[in-house]
Amino acid sequence: MILSIENFLFREKFGEEIALKMIKDAGFGGVDYSFNNHNQDGSWGAIDLTERKKVALQIKSLLDKYGLKCNQSHAPFYFEYGDKMDLEEKSFLDLVHSIEVASIIGAKIIVIHAIKVPNGVDFYDYNHSFYKALQPYAENCGIKIAVENLVNSKFWTPQELCAFIKKLNSPVFTGCVDVGHSAIVGVEPEDFILGMDKEMVGCVHLHDTDGKIDRHWIPYQGNHNWEKIIRSLLDCGFKGDMNLEVIHSFDNLPEKLYQPMLNYIALVGKELIDKFNEYKTKVK
């Protein structure tokens with residue numbers, strides 16, 4: 001198990017290489033690589049396959065340079081209801097590109113958000129079609145797609161999330177449990193995790209909240225019971241990594257304090273891993 005953190009905020013502020021160096025210097029072993037905004041602003045690269053692979057290999061080279069793994073990733077989330085589910089649609093094409101690039105840089109899982117639908121449209125049927133349209137690309141790249149329990153989706157319980165993944169009927173799909181999202185909709189994170197089918201939690205977004213809005217705070221700064229959360233990960237057969245998504249901990253922070261904050265967050269993350277390993281030893 002390695003400790004990783006979502007890199008979007010640091011990459012946007014400091015650039016690709018400096019961001020990775022900061023993450024490594026803080027003590028992280030992995031990066032949850034976010035593709036959000038890479039394509040929208042024109043910085044991600046051309047549609048041309050050769051150019052796309054070139055950019056991907058540049059990212060992989062930087063990861064290797066700093067001894068980091070891309071253990072998981074996050075696709076862009078600006079595909080909207082009504083967009084076409086084919087390669088002629090830029091928002092869909094960007095999702096496909098993120099799948100391809102994520103696989104090249106080493107990710108085993110990519111989180112792709114479900115799509116919010118208007119009143120009168122069946123959420124489950126529409127999103128079933130959406131994920132199935134992406135399935136061939138994930139299969140071709142040898143990467144799993146994780147469905148996340150979003151606050152604005154219908155996946156408010158582990159039973160709903162598992163049922164949806166089962167209906168997709170492919171080993172390409174797994175679950176991503178965001179502990180803050182579960183708390184906001186009224187399900188304690190540890191209960192959500194334990195309610196998932198055994199080993200269906202492919203990856204996690206760990207952060208803390210007050211249970212009111214999506215705070216994305218550092219663990220122990222909110223209301224979550226981290227003893228129970230970590231124990232539930234062990235009990236559900238979790239085989240992924242300890243991944244933190246704590247972007248709002250940097251809100252209004254001067255740039256010179258980003259590195260010290262990252263250092264502190266890494267210490268907290270390592271404490272969570274220590275707890276996981278401690279429980280694991282006791283179970284044996």
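**Exercise 1.** Which residue lies over the face of Tyr 279, and at what distance from the ring centre?

*Solution.* In this predicted model, look first at the ring of Tyr 279 and then at what sits above its face: the residue there is Arg 231, at 5.6 Å from the ring centre.

**Exercise 2.** Decide how the pair formed by Tyr 124 and Phe 164 should be classed, and locate its two members in the chain.

*Solution.* Begin with the count, which comes to 18 aromatic pairs in this model. For Tyr 124 and Phe 164, the ring centres are 6.4 Å apart, and pairing requires centres within 6.5 Å, so the two rings pair. Next take the planes, which stand at 45°, and because tilted pairs are neither under 30 degrees nor over 60, this pair is tilted. Finally, place the residues: Tyr 124 belongs to helix α5 (residues 123-141) and Phe 164 to helix α6 (residues 158-168), so that the pair links parts of the chain 40 residues apart.

**Exercise 3.** Is each of Tyr 124 and Phe 164 buried, partly exposed or exposed?

*Solution.* Tyr 124 has a relative accessible area of 30%, which lies between the cut-offs of 20% and 50%, and therefore Tyr 124 is partly exposed. Phe 164 has a relative accessible area of 4%, which is under 20%, so Phe 164 is buried.

**Exercise 4.** Work through the pair of Tyr 220 and Trp 226 in the manner of the earlier steps.

*Solution.* The centres of Tyr 220 and Trp 226 lie 6.4 Å apart with 50° between the planes, and this aromatic pair is tilted. Tyr 220, with a relative accessible area of 43%, is partly exposed, whereas Trp 226, with 2%, is buried.

Notes
Residues numbered from 1 in each chain as written. Predicted model: local features only at pLDDT ≥ 70, side-chain atom pairs only at ≥ 80, totals over all residues. Heavy atoms only, no water. Phe/Tyr/Trp six-rings, centres within 6.5 Å; stacked < 30°, edge-to-face > 60°. Helix = DSSP H or I, 4+ residues; strand = E, 2+ residues; numbered from the N terminus. Buried < 20%, exposed > 50% of the residue type's maximum accessible area, 1.4 Å probe, protein only. Lys NZ or Arg CZ within 6 Å of the ring centre and 35° of its normal.
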